[in-house]
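This report looks at one protein chain, beginning with a single strand and its neighbours and then turning to the chain as a whole.

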Amino acid sequence: MFLAAVLSSFLWGCGATQPVVATHYRSHSLQEQGDLRVGGYISSEWSLQTASYWLEGPEGLVLIDTQLLPSALRKELAFAKDVTGKEPKLAIVLHANPESFNGTALLQELGVPVVTSGPVRERIPAVHEKWAPSLFKQYWNGRYPRELVLADSFGDSTRELSAAGVTLKAHVLGAGSSAAHVVVEWEGHLFTGDLVARDTHNWFEGGDTTEWLQRLEELRALKPKWIHPGRGLPGGPELLDAQAAYVQAVREEVTRERHAEHPSSDPLATVEARLKARYPGYAYDKLLLHVVRAEWARQARRP
């Protein structure tokens, strides 16, 4: 199902290079989600097409991530209620990224517990402080949260969580595209957050590409049937392969430029241009700067 409205504004610097049409994508099909008990909501281009999900249990819903904007989260909640007739009983934040944790205050106001791992929780305040001033100016009319409200910690190690009649496993993982991650596993489905994106560049927030590749290997070892990414539509395990190839491409292009016989006067821009050429159909190419800069620094630290 689609709900479309035209917006004339540009994205805040992480998106398209021309005005966009904002579309909220609501998904509740066996073909896209792999199970009729799973629903997905993708926010508009204006709010970076952030993907979040819900699992339906006999007693209610479990939400996976909480959206960049409370206005988008309200749309997801309305969609889930319309489809299932049920209310959320728990929400899980997958990493320290505004797209993942910004709906925490709204959900707590509604009486919904919000949890994440200890390592993710520890990193949220610094990430909020980094992004809130600029993003509040951009998204004030989406009620971007000015004050931080933290999710509760379920601990520092992988464990099972139960709510709404659903039992799932919350894997506590190290750095990847962010400095720490939670990945939710449920009946062959993996909800990965920004560790995986489909046909788009990733939001990179304090991560490490070597660790990122290791995280993807750990997810592959779980033998998932279905991957629900942080941006883009779900798919099969091939999404893990595509993401690993993308991370390798970033590393290769940085290495190529660092060892070039005639290096560019603007090496980071050169690397970005080459990656855009390798992935011409990928959305949000301005997200590239963060991962390219981090990978350049990582390789510079190597002996």
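## Strand E5 and its partners

In this predicted model, Leu55 stands opposite Val62 in E5. Leu55 lies within the span of strand E4 (residues 51–57), which pairs with E5 in the antiparallel sense over five bridges, and the two strands E4 and E5 are joined by a hairpin that passes through two residues. E5 also pairs with strand E6 (residues 88–92), here in the parallel sense and over four bridges, and in this pairing Leu61 stands opposite Pro88 in E6.

| Pair | Sense | Bridges | Facing residues |
|---|---|---|---|
| E4 and E5 | antiparallel | five bridges | Leu55 and Val62 |
| E5 and E6 | parallel | four bridges | Leu61 and Pro88 |

Together with helix H2 (residues 70–84), strands E5 and E6 make a right-handed β-α-β unit. Because five of the five residues of strand E5 (residues 60–64) are buried, that is, under 20% relative accessible area, E5 is largely enclosed by the rest of the structure.

## The chain as a whole

The chain has nine helices and 13 strands. Its radius of gyration is 19 Å, close to the 19 Å that the globule rule gives for 303 residues, and the chain is therefore as compact as a globular protein of that length. Taken along the principal axes, the C-alpha atoms fill a box of roughly 65 × 45 × 35 Å.

Of the 303 residues, 54% count as buried, while the accessible surface of the chain comes to about 13000 Å², with 52% of it belonging to carbon and sulfur atoms. Among contacts between residues at least 6 apart in sequence, 65% join residues at least 24 apart.

How values were computed:
Residues are numbered from 1 along each chain as its sequence is written. This is a predicted model: local features need pLDDT of at least 70, side-chain atom pairs count only at pLDDT 80 or more; totals for chains, interfaces and linings use all residues. Side-chain values use heavy atoms; hydrogens and water are left out. Buried means under 20% relative accessible area, exposed over 50%, partly exposed in between (1.4 Å probe, protein chains only). Two strands pair if DSSP finds at least two bridges between them. A crossover is right-handed if, with the strands pointing away from the viewer, the path from the first strand over the helix to the second runs clockwise. The radius of gyration is taken over C-alpha atoms; the globule rule is 2.2 Å times the number of residues to the power 0.38. Contact means heavy atoms within 4.5 Å. Accessible areas come from the Shrake-Rupley method with a 1.4 Å probe; for residues, only the protein chains shown count as cover.
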